[in-house]
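I opened this model to go through its cysteines, its metal site and its backbone. My entries follow in the order I made them.

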Amino acid sequence: MRKHRIGIAFFYHESHSFSPMKTEIEHFRNEGYFIGNEIYDAYTGTKTEVGGFLDVLKHDEDVEIVPLLCAAAIPSGVVSTNAYSIMEKQMLESIMQAGRMDGLLLALHGAMVVEDTFDPEEHLLGKIRELIGPGIPIATTLDMHANLSEKMLEYTPLHFGFKTYPHVDMYDQGVYAAKALMKQLRHGVKYYASFEKLPMMPPSINMRTSKGPMRKMIEWAKQAEEEEGICNVSVFGGFPYSDIPMAGASVVVVSLDPQRGKDTAEKLASLFWSVREEFIMELPNVKEGIDLAMSIEDDKPVVLADISDNPLSCGSGDTTELLREMLKMNIPDTLFGGLYDPESIKACRKAGVGNTVSLSLGGKVSPEFGKPVQVEATVVALSDGIFQNSGPFNQYLKVDLKGAAHIRVGNMDILLIGRPMSANDPEMFRHIGIEPSTRRILGLKAKNHFRAAFEPIVGRIIYVDAPGVASNRLTTFTYRHIPRPIWPLDDIQYEIEKRRTKEWKQ
Ligand SMILES: [Zn+2]
């Protein structure tokens, strides 16, 4: 029997319209840019979407895997037109050169923005569809923070959103997408997709799935999946820092019955709207956050999370307000990191381990959020910045910080890193000899993903409202392209509430 030839690809970026850091092709090439067979080395055995695709396909005797292109970069500013064109060209060429293809698995993010294209992923999917024709099944995985437009559903009904935040089910969604695609190929299953876009753009701070409104949404989504004819329900919170017409929350239901799918999508959208106020959180400012941290007696470290500068929400990782205040307090047993500062790492290398050096820390990419902090530091250790994640988020994925330095300033230890990266895995510190679990206070450039690996080793987590591009206060951004009116920026009535006539267990 002839084998099914299944293409796999990954095209991933979360783009912040208000970040000064434009994302160029080198950002993808430095982080994750793999063509053809290189994909096996990068993703086999990882708990990523592509890891999931590979695990399903490689155990299927009737499948020949066709690795195409994997391109991913850490969230940052919008992707340059040039970078997008290079990747689109590579993707389409890989598909053309691959010859016959029977199906395609595509891991997308859903919140990529290109300088001159609001919805590049939908654009790329359209180009791929044009190239391979209408009959070949495609399945995608999407981030929970995707800003989806209905057009995505024109190219395929098979979309699988993450159901966890921190995103620890990327692998599982990869598996589900691959299995659904194979079902369609083998048994000719016909899927339908139903879509509801909501006029709301909740901040992501309280979108965790362990508690709060998103937990409720995911539980309701899973309940709906138990119903006959419903294959998959995805709830997308959206990414509120993309200033695009398709910004905002949405629901996608994959079903075998379009009417049931539509009803379910409407119900879920109505429920989503009903819990919206629970997404709003009031946070302490830097001073209040530090005072609170110091007042807590615990064997485990207290975390001060500098959420507004979280690199995985497009922060530059080099804002200084929290750092400056923590240095002023000079609290024993504190650790701060990772601070993006390649210049200071260079100076540390020049000074050498054990020596002191004058540094101007951080504040270089976004000085509007705090000037650099002048310090006299001792260089404790230096590293190439390469480690492997050990925690559940992006487990086993290799991370390259492009160099790191452990410095000490007064009582405080600071980890400097060579590119913006959230402190999502303790290995970021351990690889250079720092043990975070024994500290009193940790100042982390992180928001929610770090909880997956850090919650077992830390106590209280305090989100701090410092200035930064990933600020929780959406009113600080000058939006020009998002649909208006939109909650929480505008006070609106949403008509689906009136349509909500069906009984629904809550
Ligand atoms: Zn996300």
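**Cysteines.** I looked up C70 and found it buried, with a relative accessible area of 0%. C314 is buried too, also with a relative accessible area of 0%. I take buried as under 20% relative accessible area, exposed as over 50%, and partly exposed as in between (1.4 Å probe, protein chains only). Then I searched the whole structure for disulfides and found 0. The criterion was a pair of cysteine sulfur atoms within 2.5 Å.

**Ground rules.** This is a predicted model, so local features need pLDDT of at least 70, side-chain atom pairs count only at pLDDT 80 or more, and totals for chains, interfaces and linings use all residues. Residues are numbered from 1 along each chain as its sequence is written, and side-chain values use heavy atoms, with hydrogens and water left out.

**Confidence.** I checked pLDDT, the predictor's confidence in each residue, from 0 to 100. The chain mean is 94, and 97% of residues reach 70 or more. Residues 500–506 stay under 50. For that stretch the model has 15 contacts beyond four places in sequence, a contact being heavy atoms within 4.5 Å. Where pLDDT is low, the predicted coordinates should not be read in detail.

**Zinc site.** Which protein atoms are the donors of the zinc ion? I noted D143 (OD), listed twice, H145 (ND1) and H167 (NE2), at 2.1 to 2.8 Å. Donors here are N, O and S atoms within 2.8 Å of the metal (3.2 Å for Na, K and Ca); water is not among the atoms, so sites may look incomplete. The donor residues follow the spacing D-x1-H-x21-H. D143 and H145 are both buried.

Why is the arrangement irregular? The 4 donor atoms subtend angles of 51 to 142° around the zinc ion. Four donors count as tetrahedral only if all angles lie between 85 and 135 degrees; four count as square planar and six as octahedral if opposite donors are over 155 degrees apart and all others between 65 and 115; anything else is irregular.

**Helix 3.** I went to residues 49–58 next and found 9 of the 10 residues of helix 3 buried. Among them are F53, L54, V56 and L57. The buried residues pack against elements including strand 1 (4–12), strand 4 (63–72) and helix 7 (170–187). Helices (H or I, at least four residues) and strands (E, at least two) are DSSP runs, numbered from the N terminus.

**Helix 10.** In residues 286–295 the buried ones are V286, G289, I290 and A293. They cover an arc of only 95° around the axis, so they sit on the same side of helix 10. The arc is taken from the directions from the helix axis to the C-beta atoms. Their cover includes strand 12 (302–305) and helix 11 (321–329).

**Backbone.** Most residues other than glycine have a negative phi, and most peptide bonds are trans. I found a cis bond from Y165 to P166, with omega near 5°. P166 is in the loop between strand 8 (158–161) and helix 7. The bond from G337 to G338 is also cis, with omega near -15°. G338 belongs to strand 13 (residues 334–340).

N394 is not a glycine, yet has a positive phi of about 50°. N394 is buried at 16% relative accessible area. K402, not a glycine either, has a positive phi of about 60°. K402 is partly exposed, at 38% relative accessibility.
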